[in-house]
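Reader: Got a minute to go through this one with me? I'd like to hop around a bit and ask as we go.

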Amino acid sequence: MRSEDLAKLLGLSRSTISRVINNYPDIPQATRDKVWKAIEEHNYAPNASARNLAGVKNKMIAIILLDINDNEEPHHVKTTEDTIIHDNPFFSPVVNAVSDQANKMDYYVLVSIAYSKKDLKKVQNIFHQKIIDGAIFVGTQEAEYELIFNLIEQNHKIAMIDTSEVYDTDHDAIYINADNYEGSVKAVSYLLELGHTSIGIITGNLNKLSAIERLKGFEETLTQHGIERHNDAIYHGDFTEDSGYAGAKHILSGPNPPTAIFVSNDTMAIGAYKAINELGLRIPEDISIIGFDNSFFSPYLNPALTTIEISFSDIAKRATTLLIESIEQEQQRRIVEKVNATLIKRESCKAIKSKESGCI
């Protein structure tokens, strides 16, 4: 049913219907009751754009997950049984926490995933159709910044997770990230304390802020201790189990394999464990492994994985709270916050008897 149909049915003007829906104070209570009764009986849904233009919030935010290919090949999720959210140790807790926190604040959540640059146009339409009052972007890469800034210029409220803090004075935004750099420093420092001076790394997707900062923390910590890095012990992964497997095979098959590997997330550590077992090596007797994220499965690996803990739930809840506050206050704020990282010691790392000389 259209608004004009409802108005004709009740013998009222469309403007009166609109004023009732938008809670204007100058409408008699009898008229209000009449309109709302008809809305309920005929399942009339006010147009979201009209409500928004009238200054009425939809009480809905979006969480937009970005996992965009740089090339034109179909995304692996669309060509396999893989999923982005289900059982994903990063996206799943973030989506759940955003939904929980938004509901506590009386907001609904729309979940959208962008697999390609074409999908970004769909994201824009969500804003332009005024379906939502604001959005949380997760995993934005540099190529998507223009889209984000254009949305902010159009007065849309934006928060970002796992996104580089772009200090552009013309584009205020909310950035909530894990302290990836400090977590990496803690991981490498722990291995150094155990006597390891030959340390490899399997990085994440270096288009992502988290991967960039974890690699930076690794490299700078070794440099501060006067330890030279060697390319054979650095493998560029992509946060997937398969890349952890390939990375461990690559690093440990070299002429001078390290005594420890820093794996940039726990999902890749699963693949690394498999590769190490196939190579006939033992953890931690032959090779120490340390991960990052403290995913739910980490204590159940054999041996239990030493890792860096960050709370995805805390990050997501904070981003949601700040976004909804911005919506309610009708002001996009500039906020940059980091969530602390904590070392969780388990059984996958072992002290070596004497510090070895050499390069990674």
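Reader: Where does Thr16 sit?

Author: Thr16 is in helix α2. Keep in mind that this is a predicted model.

Reader: Buried or exposed, that Thr16?

Author: Buried: its relative accessible area is 18%, and the cut-off for buried is under 20%.

Reader: And what does Thr16 touch, not counting residues up to four places away in sequence?

Author: Ile27 and Thr31. There's also a C-alpha separation of 9.3 Å between Thr16 and Arg32, which are 16 residues apart along the chain.

Reader: Thr31 caught my eye. What about Leu12, which residues is that one in contact with beyond its neighbours within four places?

Author: Ala7, Ile17, Thr31 and Val35. From Leu12 to Thr31 the C-alpha distance is 9.2 Å, with their positions 19 residues apart in sequence. Leu12 is in the loop between α1 (3-10) and α2 (14-21), and with a relative accessible area of 24% it counts as partly exposed.

Reader: OK, zooming out. How many helices and strands does the chain have?

Author: 13 helices and 12 strands. The chain has 360 residues, and 50% of them count as buried.

Reader: What share of the contacts between residues at least 6 apart joins residues at least 24 apart?

Author: 73% of them. As for the surface, the chain exposes about 17600 Å², and carbon and sulfur atoms supply 46% of that.

Reader: Let's do helix packing. What's the angle between α11 and α12?

Author: About 45°, with the axes 6 Å apart. α11 covers residues 241-252 and α12 covers 266-278. At that angle the two helices are therefore oblique to each other, and their crossing is right-handed.

Reader: Which residues make that contact?

Author: From α11 you have Glu241, Ser243, Gly244, Tyr245, Ala248, Lys249 and Leu252. On the α12 side the residues include Met268, Ile270, Ala272, Ala275 and Ile276. Sorted by type, the α11 and α12 contact has eight nonpolar, four polar and four charged residues.

Reader: Now α9 and α10. How do their axes cross?

Author: At roughly 40°, coming within 7 Å. Here α9 is residues 180-193 and α10 is 209-224. The pair is therefore oblique, and α9 passes α10 in a right-handed crossing.

Reader: Who meets whom there?

Author: α9 brings Asn180, Tyr181, Ser184, Val185, Val188, Ser189 and Leu192, while the α10 residues include Arg214, Gly217, Phe218 and Leu222. The tally for the α9 and α10 contact is six nonpolar, six polar and four charged.

Reader: Which strand is Phe262 in, and what does it touch?

Author: Strand β8, residues 260-263. Beyond residues up to four places away, Phe262 touches Ser184, Ala187, Val188, Arg214 and Phe218, among others. Ser184 and Val188 also turn up on the α9 side of the α9 and α10 contact, with Arg214 and Phe218 on the α10 side. Further along the chain, Phe262 also touches residues including Ile290, Gly291 and Phe292.

Reader: How accessible is Phe262?

Author: Its relative accessible area is 0%, so Phe262 is buried.

Reader: Switching again: what about Ser112, which strand is it in?

Author: Strand β2, residues 108-114. Ser112 counts as buried at 14% relative accessibility. Leaving aside neighbours within four places, it is in contact with Ile63, Ile64, Leu65, Val123 and Ile126.

Reader: Backbone oddities next. Which residues does the cis bond with omega near 0° link?

Author: Ile283 and Pro284. Pro284 lies in the loop between α12 and β9 (288-290). A cis peptide bond also joins Asn302 and Pro303, with omega about 5°, and Pro303 is in the loop between β9 and β10 (307-309).

Reader: Why flag those at all?

Author: Because most peptide bonds are trans. Similarly, most residues other than glycine have a negative phi.

Reader: Then what's the phi of Asp293?

Author: About 120°, a positive value although Asp293 is not a glycine. Asp293 lies in the loop between β9 and β10, and it counts as buried at 7% relative accessibility.

Reader: And Glu330, buried or exposed?

Author: Exposed, at 56% relative accessibility. Glu330 has a positive phi too, near 55°, and it's found in the loop between α13 (312-329) and β11 (335-339).

Conventions:
Residues are numbered from 1 along each chain as its sequence is written. This is a predicted model: local features need pLDDT of at least 70, side-chain atom pairs count only at pLDDT 80 or more; totals for chains, interfaces and linings use all residues. Side-chain values use heavy atoms; hydrogens and water are left out. Helices (H or I, at least four residues) and strands (E, at least two) are DSSP runs, numbered from the N terminus. Buried means under 20% relative accessible area, exposed over 50%, partly exposed in between (1.4 Å probe, protein chains only). Contact means heavy atoms within 4.5 Å. Accessible areas come from the Shrake-Rupley method with a 1.4 Å probe; for residues, only the protein chains shown count as cover. Axes are lines fitted to C-alpha atoms, for helices over the stretch in contact, and angles run from 0 to 180 degrees between N-to-C directions. Angles under 35 degrees count as roughly parallel, over 145 as roughly antiparallel, 65 to 115 as roughly perpendicular and the rest as oblique. A crossing is left-handed if the near helix is turned anticlockwise from the far one by less than a right angle, and right-handed if clockwise. Ala, Val, Leu, Ile, Met, Phe, Trp, Tyr, Cys and Pro count as nonpolar, Asp, Glu, Lys and Arg as charged, and the others, Gly among them, as polar.
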